[in-house]
Amino acid sequence: MKKWWLLFVVLGFVGCSEDSDDQASSQEFTEVTLQFQNQIEGENVVLNSETYVNSEETYEIETLRYIISNIVLIAENGEEFAYPQAESYFVVNEENEASKSIILENIPIQNYEAIRFGLGVDQSNYPLNGVNNFVPTAEENNMLWSWSAGYIFLHFEGNYTSATENDHLFAYHIGSHGQALDNYKEVTLDFQNTLALDSSNSIAITSDVSKIFEAEFSLSLEEIDDIQVDPEYSPQVMANFSQSFSTQQ
Amino acid sequence: MRLSFFLLLSLFLVSCSEEDVNSGYEAIVENDTLSIEIPDYFPEVTYNFEANPPTEKGFELGKKLFYDGKLSSDGVVSCGFCHIQDFSFTHHTHIVSHGVNGALGTRNAQPLQNMIFMNEFTWDGAAESLDAQPIIPITAEVEMNESFSNIIDKLQADEEYPQLFAEAFENGEVNTDNMLKAISQFLVMMVSADSKYDKILKNEGSQFTAEEEAGKVLFDQKCATCHAGVLFTDQSCRNNGLPIDPEYDDEGRSRVTGLQADKYKFKVPSLRNIQITYPYMHDGRFQTLAQVLDHYDSGMVVTENLDPVFQQNENLGISLTEDEKQKIIAFLETLTDDNFLLDDRFAEF
């Protein structure tokens, strides 16, 4: 009887839990900081004053915020350490220095080869895994649409000047469109040098913000300066944005 | 020992199997308490009970939150303000929703019932999950106009809530996730499946009158394409030919998808308890079912994306005689579920 009882416990865990990897009792843990830097042409972005060039137009950035989620560190042996999903939602806000340092706690000390993270909120996991605890943070950073229960993954605004417009507003608010369109993206960055964790660790991750306009797709503000719930352009913005990241690690 | 064994077994089944939820009257026995009776002719459950199983304490907490004005910026407008149980959780005298400080919304409060079978929520599908839906009315300026940070502060400072959260959830925290889970635990229990129509399907001795029976035949011919199945909705969004109200110029589902092809489409509502959920349509423009049927018979206009189902004959819409309308209404009245409307479990007081 006792054995059967145990069997059920085991079945229960195996059947329902996906992250039941046994941790060796000797495993040590540490803290890792992801240091996000938003740059254009190798320089840190300066909001509201610096003028940048996109093809035939110039622009200033007023707001630059995005959601980082579902962080996974990939070890040398291919093993993945997924940061607890409920704790794994962050807003990187260019206005707020502290928001650019994402501190991950209790990371197993071992050698890592790569990092993977999400841009936005994974649609298939919206209601689950504690994501709703992210609502107040998203709300404070204007990363929620008022008429929809969805999140704004990328909030990018400013002014631009082109052949026909002078100091005109632009706004990209990109998220998923209910069940109709999933704009969540995952980014995997391989480390150039194996990350051997010790007691204090930092991984620098850079977003080349100009790639939002120019990467897989070429976007012109003069052509369209307001991209929000737009099934044609919003996936292009997210595709470009997901290609903007690199790491110096 | 034997008891523990059974408890584990049932936990295991509940947490890993979703098929069992629908078989006959089999109860959904959650971690310790609440079960839901679902007739076997109902569709598959869409709600993820594994992630948020309703418990007695969670339900009670959800109910308190649902009826608490603290969730709004003026401390008055609760969820239950617009969703009144007697009217299957709609509001009769309000054509569109009313919010804080007398603000007016643009849409009519939808009934709350059978949500565990739905794929998307709100008139345009702007909420993909029941757990996220309350974010919309709570934060909307013209509804409850409150931020979650403020609400959590208020709940944490409250004399009762911290204890109630501690009892309802394993981690005991007063946070957004638990708050929305508790509200869902209250909402998922709202299954309306005991109308006269149901009693007939269940062979409980009820019978349609001749008029109701004739109405059912007409309904199946003329309405059931969209109002399909036992929930009386195929859950699609469609344009049903309402003249555009310039006051709102509500574009419907295209606001969610950005697709021109979704302009003026709204979710086909369930017709359960339809007799008492007036006013009708997304903007509450019709007060009676007779007006609704008049619209389908002779009131439609051709606007962008008018559903092809209404354009099959030379005449727009669904032609109905006065006698046919009366019979259809008689049938629709058999969908009223008094046991649900009077169910003490959901009552504010």
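1. pLDDT is the predictor's confidence in each residue, on a scale from 0 to 100. The structure under review is a predicted model, and for chain B the mean pLDDT is 90, with 91% of the residues reaching 70 or more. Over residues 1-24 of chain B, however, the pLDDT is below 50, although this stretch still has 40 contacts in the model beyond near neighbours in sequence. A further stretch, residues 26-31 of chain B, also stays under 50, and for these residues the model has 21 contacts beyond four places in sequence.

2. On overall composition, chain B has 13 helices and two strands, and 54% of its 349 residues count as buried. Among the contacts in chain B with a separation of 6 or more, 65% are accounted for by residues 24 or more positions apart.

3. Turning to helix packing, helix α2 (residues 56-66) of chain B and helix α6 (residues 161-168) of chain B have axes that come within 8 Å and cross at roughly 145 degrees, and the crossing of α2(B) and α6(B) is left-handed. On the α2(B) side the contact is made by K57(B), G58(B), L61(B), K64(B) and L65(B), which meet Y161(B), L164(B), F165(B), E167(B) and A168(B) in α6(B). By class, the residues of this contact are six nonpolar, one polar and three charged.

4. A second helix pair in chain B is formed by α11 (residues 289-299) and α12 (residues 322-332), which pack at an angle of about 130 degrees with their axes 10 Å apart. Because of that angle, α11(B) is oblique to α12(B), and α11(B) passes α12(B) in a right-handed crossing. The residues that α11(B) brings to the contact are L289(B), A290(B), L293(B), D294(B) and D297(B), and they meet E322(B), K325(B), I328(B), I329(B) and L332(B) in α12(B). The residues of this contact divide into six nonpolar, no polar and four charged.

5. In chain A, a residue to inspect is G178(A), which is found in the loop between β10 (168-175) and β11 (185-196). G178(A) has a relative accessible area of 11% and is therefore buried, the cut-off for that class being under 20%. Leaving aside residues up to four places away in sequence, G178(A) touches Q123(A) in chain A, and also E128(B) and V256(B) in chain B. From C-alpha to C-alpha, G178(A) and A149(A) are 8.3 Å apart in space, while in sequence they are 29 residues apart.

How values were computed. Residues numbered from 1 in each chain as written. Chains lettered and ligands numbered in written order. Predicted model: local features only at pLDDT ≥ 70, side-chain atom pairs only at ≥ 80, totals over all residues. Heavy atoms only, no water. Axes fitted to C-alpha atoms, helices over the stretch in contact; angles between N-to-C directions. Helix = DSSP H or I, 4+ residues; strand = E, 2+ residues; numbered from the N terminus. Parallel < 35°, antiparallel > 145°, perpendicular 65-115°, else oblique. Left-handed = near helix turned anticlockwise from the far one by under 90°. Contact = heavy atoms within 4.5 Å. Nonpolar A, V, L, I, M, F, W, Y, C, P; charged D, E, K, R; others polar. Buried < 20%, exposed > 50% of the residue type's maximum accessible area, 1.4 Å probe, protein only.
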